[in-house]
Every structure is written in C-alpha cells, then in structure tokens.
Amino acid sequence: MRPFRKTAVFAAACILAGTLLTGCHGSKGRAEFAVPEQLDESQKIELSFWAKNDTNKTQTKIYEKAISDFELLYPNIDVNMRLYTDYGKIYNDVITNISTNTTPNVCITYPDHIATYMTGDNVVVPLDSLIGDAKYGLAGSELKFDGPSKDEVVPQFLSECSIGGTTYALPYMRSTEACYVNKTFVEKLGYELPDVLTWDFVWEVSEAAMAKDADGNFAVNGQKVMIPFIDKSTDNMMIQMLKERDAGYSTDEGEVLLFNDTTREILKTVAEHAKTGAFSTFKISSYPANFLDAGQCIFAIDSTAGATWMGSHAPLSDISKDKFVEFETEVKMFPQYDPANPRMISQGPSVCIFNKEDPQVVLASWLFAQYLISNDVQIAYAQTEGYVPVTTKAMEAEAYQDYLSRMGEDNDLHYDVKIKASKLLIDNVQHTFVTPVFNGSTSLRDAAGQLIEDVTKSVRRKKTVDDAYLDALFDDVTALYRLDQTTGMGSGSKEDMGPLPTASKALIATLVVTWILIGIYYVMMKQKSAKK
Amino acid sequence: MKKAIVIMLTGAMMLAAVACGGGSSNSTPAQESKTEEAKPAEETQETVESTVEEPEQTEPNISEDAMNFEDYMAAATDTEVVVQGSIQGKQNYFVKDDQGKASIYLQDQNGGAYFIYELPCTEKEYELMEIGKTIKVKGYKSEWSGEIEVIDIETWMFVDGDYIAEAEDVTALLGTDDLAAKMNKKVLFKGMKVEPIKDKDNNDVAFIYNYDGSGTEGDDLYFNVSVNGQTYTFTVESYLCGPDSDIYKAVKDFHIGDVIDLEGFLYWYNGPNPHITAVLAQ
C-alpha cells in the first residue's frame, strides 16, 4: 500500500515546523568553499546521502547500486544512504541538523527548500565553480565516470536550480502534472477526446458523467460511486490555472499576488463543480488512481511520477484486483485555457551538497552528486516511474530510446501509461514553467492548494461560496500561512529590514558614547601615570 | 569617570535587553517572527504548562447531546456530527499550521467506535487524554478511502466517565463483509500464523518495511498472517506505534510459522487495514 495520507499531512507539518525552526538555527557561518586542486585519494572520506523514494523498491535498489558502483570507482569514499519516503521529513531533518553542523553531505531536495537552508551562511555549496571546474566539473578531465557536460544538462531543468542567479543544485529527475483519462468513458458519454484537454471540455464531460440511471447508479459506470474529476495536488492545480491565465501568483522577489480576481473566478468555478460532486480532491476523497482504476473517475490528475498506479493494468495499486475495470487510458497534458499556448508545471527532485570544513569532503560530495546524473543512474531511475532524465545525454542514449520504443510491450517495465507520461514531458519541455523560489515560497504553495480544498469542502457542507466567503477565506489563509509576512523575501537576497527601531538606535549611541568615555578615561590614566 | 562608564554600560545593557525583547511592530520581518515562535524548550514548556493549568477555560462547552452510534452511521458524509466516546488509542501528536493535532480512536460502551482525525489540542491536553478518558467531539463526518471518520473538529471537551474496551475477537469475520461493521474498533485476531512476505530482493521474510520492502527502520512494518487457509497483510503503523514501541520490536522478532494473537484497531483503507498495536502470547 502507498503511504497513508499521513505522509502528506506529516510533510506539511514538517515543513511548517522546519520553517519555524529555521529562524533559530543561527548562522554558524562556514568559510566559503574553494575547489581543491586535486582529490586526495589517500584520504578516507565518509559521505551521508539523504534520499527519497516513492515507496518503490526498485528506486531503493537503484540508489544502492549507484552507491556501490561509485564506491568501486572511488575506493576512498564511502556513501551511507538514509532513505525517506517524503520530502517534508528530509527538509525538517536538514533544518534541524543545520544548527548542529550535522547536515548530510548530499541530499535530494527541492529548490524551495534550499532557499530556506540558505538562511545560514555558506550552508549549501554554490555549484557554479564546481560545474565549470576543468578537472572535476561536469565532464571534467579527472572524472572516473562518463558524466554529462554542462551543455548536456537540459537548460530549463538546470535553471530551475538557480536561486538569485547562483546554481545551488543539480536537477535529479523531472516530472509534471498529467491528466490520466478514462478514454472509454469519455467516448461512452458521446465525446471525442481532444489532443489537448481544455477546462471547458473537462468540466462539461465531468457534469455529463453525473447522470444516474433509474436504479440510482451512475449511468456511465453502473456503480454507486463516480467522481469524474479528482486532483491529487490542489496547490499545483491552482498554480497551473493561474499560470495559464497569466494571472498573479508571486513575483520573483516573493511578493504575494495569489489573492486576485482570477483566483476568485477559478474558485467559483471549482465550487460550482464540487457542489454537483463532479470534482473532488485527494485530501477529501483519496488517491485519484484508486478511483480511476475502479472505473469511478474519468479525469485523474496526478504527477507523471505516479503513472505506474494509473490505468486498468497498473503494476502498482492499492485496490484489490477484483475492483479493477477494463478501459483505455490516455495520458494528457493538464487541462488548458488556451490549448494553442499550453503551460506545464515542471517538478521533480534536485540534489544539493552541503558545505563542510574539509574541502576534500565537499569535493567528494560533488563527485557523488554528479554521478547521480550520469547515464547509468538517470536511465535506470527514470524508468521506475513517469520521470524524465535531466540530461540530453541520457535522453538520447540508445538504452533509453530503446526503452521508450518498447512502450506497451508489458505491464511492468514497459507499462504504456508510464512511458506515455514520460513522453508527455519530453515532448513539451519547452512549455514548462516553475514558480519563483524564495524563503516562504513553500507556504505560498500550501496556501494556493488550501483555497481549493476549503472551497470544495465548504460547498459539500452546503455553504455558500460568494465574494463575502472568499474575502474571509483570503484573510484566513493569509493569516494561517503568514503570507502578510513573506512579502519582499526575495530569492536568497537579504530583505530590507526597514529603519532601525528607536531602542536599537539608542543602544548604538550609548555604546559609542561609552567607548568614547573609555577612551578619554584611558588617556587620562596614561597622562596621570606619566606625571608620576 | 568610572561611574559614568558604568552608567553608560548599564544603560547599554538595558537597551540591549529592550532591543532584543522583540517588541512587535508592523515592520517585523517574517523571519524574526518565526524565530520568536521557535522558543527554547524551557519557554515552550512554560507555555504548555500555562495552558494546562486552566483546562476548563480552553474546553468549549458543546451544548448538543452526542449522537448514538446508529444515528452517526446513518448520517450523510459532510454533515456536522457530535460524538462521544472513551479514548482507546491515540496517534502521536504533531503541530501543523501552529496547531497541535492528534488522531484518536474512541469507543463507547454500546459498541460504537469512532476515528477522530486531527483533533486540535495542545501537547499537554494530548498528554491528559489518557486511555479510558471520555471526550465529546463536534466535527464533520467524512469518508476517506472507505474509512469513516470525524474530521475538521470544531470543538471538543472532556466529559465524565472512564471506559476501556475489551478487544473484540473478529477472527471469524476476516474475509467477510461483516467485518466492516467493526471498523475503528479495538479488535483481536486469534491463532494467526506468520506467513512469508517478499522483501525487495524477492526473499521470503517474516516482515518488511513499507508495503513493498522499500523502506528502512522507522517505516511502517508489514507482515502476512493466515487463519483458516486465508492469508492477510497486517500493518504496524509507525505513526501509531513507532520503532521504540513493544509491538514494533516484537514484529521484528517474528519468525515464519509463529502462531500469535494480535490486537489492534480496525482501520480501513480500501478494505480492512488493521493497525496492530500488540502481540499476545499464544
């Protein structure tokens, strides 16, 4: 079974706790890292690597193989892996360990989280000088493995790891949000599935699917349960919808623009369809895959990294085999307002390295991080889900192309839904976008999802969603996520603290006067002793 | 002169104290505000204590009578409900959105069982929720993957009465639809034989971390047990019973072929998903 929803809840709790702890870790500054001239292979180095898997044993095994292969190449370096099943826990543990200087050496993470790690001085190693190093940089001359050059890392993915113009991570895997569609039911309802889903189409088909027969069963599936449209990640849903409408979310500097008229319009539409039961969310109902596979959902939106759970023949599932129904699954881009100008959110883990006293340790960390984007690791890991490798070197490799070409040969490694999901992102990299990263961007993301969750719950509980309701909701969510306090916390930049408080000014003045008095006293004492 | 310096230094110290005191103003940046919340343990403890000293003040009065279990089960999802029961099990406490939360298994003396999801409470209130104590809860009935529960708790309060339920033997109901009627109850499974389960390397073992063996120490434990020729997968929820709990340690000592009695709560996730809390000697 997949991790119980506690994962999502705990992740949110951890993120919040971590955010709160961030402020008190202090800035135990380290010296800035400088790339050593040479890797000292006589020095025994032990690295800790904190990784995340999607509760997927193949991913665990790939990490283990990557470590053993790397240790064979660099016998003086040992890598100890600590596995997590959600990013929130990693984030929380990193924050806790910053204060004690016991961060891991290498860590799978998100740029949003790195922005918070960076509130300490030189905690996260900037990678630009390492990337460009002739010996140990990407495709460097002294590497013992065939890694990608900088040009071979997909530029969009690499740029996502840049905070305030500095690269703080390497992309590790990329995914996007996809709409997994029960094509059989769409056609049964008398519709033809378009190449690009539009919001109008999805809402119309979803409402049509609510029709019931004389026995009270839903006509389209003959069952008592049908939720035509379920979204796993409502934060991504709101972000996507706003981006498609070119509406505000936040500025690059961290100014919150979420609470605008387009957001209101979106929420009213969501309310309209939640009221009829045509729309629900993961938090309210459960995993979209459970409903899709049982023929109880038509449009299931989830990450491409969840593709192996989707469809009639999904290799992974939480529902019993007897509940599966047979249907044709299509994998489509997230619904669009303007299909001629599609937008797709880019997501997926990155890998950062933490600064340590010994530059040799940091260099070893960098080598391992770099090894994770070599073809062996990239191709193997990308095949575990609907992920996409982050390098063109891996994407164009014969082994990966062969994998893609064998789509549908079996319902395991070559499961068609999974490979369709990967192809969706590969074919649309140029349409991807990311949201600005700043200290507080995680809270804003949570708030965006909370708006949809609250509106959906409210209409299910017979409450009216109108402008007065939305005014109050905006205020509540602003307060809950402290969004009135995140303004201006730009990408890694030091925020304007405003004028000094009066007490501080007085303190400084007093100290200055005190030092002057000490100086006068010292001179007087000197003169006195000289006279003696 | 010495006096003047001492006076100035004293003044500086006083001003330093004032400046560091966190006098709030609208211009306080978020990071400072968050720092203020992450107080040292001692201060946090004080805050908790002060909340606890006045439990009556924090306990809202729920004027409505609690529903009986039949009415609760008959109520539609997304309707407001008031239920009452005695605490049989509680999941660990965590803080989310500045609010402490805990999930609780309740049971009444008439056979009603309730799962209370994310009950808002302070850490001290959580400690006061001893097994057997009775609470009344007002929230919304919900269903998540088949699990019927009370969520979005508006208010709750301690009420008089203590009750610790005996675990009900539901072994004979395994594999039948009738088991659903026991959802959220403290239950007992007798004479269960530990069966092999595949780890991530496809070896037969007595238990695995995570449902597919992908996990490590601290993750949920999964193990197979059989009775009457049928095999079932049971779970030790790390959230309910962590690595330091007796049950977590006991499962790690399981051997294929062991015959055991198991106690736990009948959680539901797309079907029965018992969360085992104790292994009893056979």
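## Working through chains A and B

Just past helix α18(A), Arg482(A) takes a positive phi of about 55°. Keep in mind that this is a predicted model. Grab the structure and try these.

**Exercise 1. Check whether the span of helix α18 of chain A agrees or disagrees with its residue count.**

Step 1: Helix α18 of chain A covers residues 467-480, which is 14 residues.
Step 2: At 1.5 Å a residue, taken over one less than the number of residues, the helix should span 20 Å.
Step 3: The end C-alpha atoms are 20 Å apart, so the two agree.

**Exercise 2. Place Ala278(A) and decide: buried or exposed?**

Step 1: Look in the loop that joins α10 (261-275) to β9 (279-281) of chain A; that's where Ala278(A) sits.
Step 2: Count neighbours. Ala278(A) has 23 other C-beta atoms within 10 Å, and the cut-off for buried is 20 or more, so Ala278(A) is buried.
Step 3: Leaving out residues up to four places away in sequence, Ala278(A) touches Ser206(A), Glu207(A), Met210(A), Pro228(A), Phe229(A) and His273(A).
Step 4: For a contrast in distance, pick Asp376(A): Ala278(A) is 98 residues from it in sequence and 44 Å from it in space, C-alpha to C-alpha.

**Exercise 3. Find the largest nonpolar core and work out where it lies relative to the domains of chain A.**

Step 1: The largest nonpolar core has 147 residues, and Ala300(A), Val351(A) and Phe368(A) have the most contacts inside it.
Step 2: Helix α12 (residues 359-371) of chain A is the top contributor to this core, giving nine residues.
Step 3: Domain 1 (6-175 + 347-396) and domain 2 (177-346 + 434-485) of chain A both give residues, so the core lies between them.
Step 4: Zoom in on Ala300(A). Not counting residues up to four places away in sequence, its contacts are Tyr180(A), Ile230(A), Pro288(A), Ala289(A), Phe291(A), Leu292(A) and Met310(A).
Step 5: There's another core apart from this one, with 52 residues, including Ile87(B), Phe115(B), Ile135(B) and Val187(B).

**Exercise 4. Describe how the two domains of chain B meet.**

Step 1: Get the inventory. Chain B has seven helices and 15 strands, and buried residues make up 35% of its 282 residues.
Step 2: Split chain B into domain 1 (58-162) and domain 2 (168-280). Their centres, taken over C-alpha atoms, are 25 Å apart.
Step 3: Each domain of chain B puts 13 residues into the contact.
Step 4: On the domain 1 side, the elements giving two or more residues are β1 (80-90), β3 (99-107), β4 (113-120) and β6 (147-162) of chain B. β4(B) gives the most, with three residues.
Step 5: Sort that side by class and you get five nonpolar, seven polar and one charged residues.

**Exercise 5. Which phi sign do Asn184(B) and Asn210(B) take, and are they buried or exposed?**

Step 1: Neither is a glycine, yet Asn184(B) has a positive phi of about 75° and Asn210(B) a positive phi of about 70°.
Step 2: Locate them. Asn184(B) is in the loop between β7 (168-169) and β8 (186-195) of chain B, while Asn210(B) is in the loop between β11 (208-209) and β12 (221-227) of chain B.
Step 3: Asn184(B) has 23 C-beta neighbours inside 10 Å, so it counts as buried. Asn210(B) has 24 other C-beta atoms within 10 Å, so Asn210(B) is buried too.

Technical notes
Residues are numbered from 1 along each chain as its sequence is written. Chains are lettered from A and ligands numbered from 1 in the order in which they are written. This is a predicted model: local features need pLDDT of at least 70, side-chain atom pairs count only at pLDDT 80 or more; totals for chains, interfaces and linings use all residues. Helices (H or I, at least four residues) and strands (E, at least two) are DSSP runs, numbered from the N terminus. Domain bounds come from an automatic or database domain assignment. Two residues are in contact if their C-beta atoms, placed from the backbone, lie within 7 Å. Ala, Val, Leu, Ile, Met, Phe, Trp, Tyr, Cys and Pro count as nonpolar, Asp, Glu, Lys and Arg as charged, and the others, Gly among them, as polar. A residue is buried if 20 or more other C-beta atoms lie within 10 Å of its own, exposed if 12 or fewer, and partly exposed in between; C-beta atoms are placed from the backbone. A nonpolar core is a set of buried Ala, Val, Leu, Ile, Met, Phe, Trp, Tyr and Cys residues joined through C-beta atoms within 7 Å.
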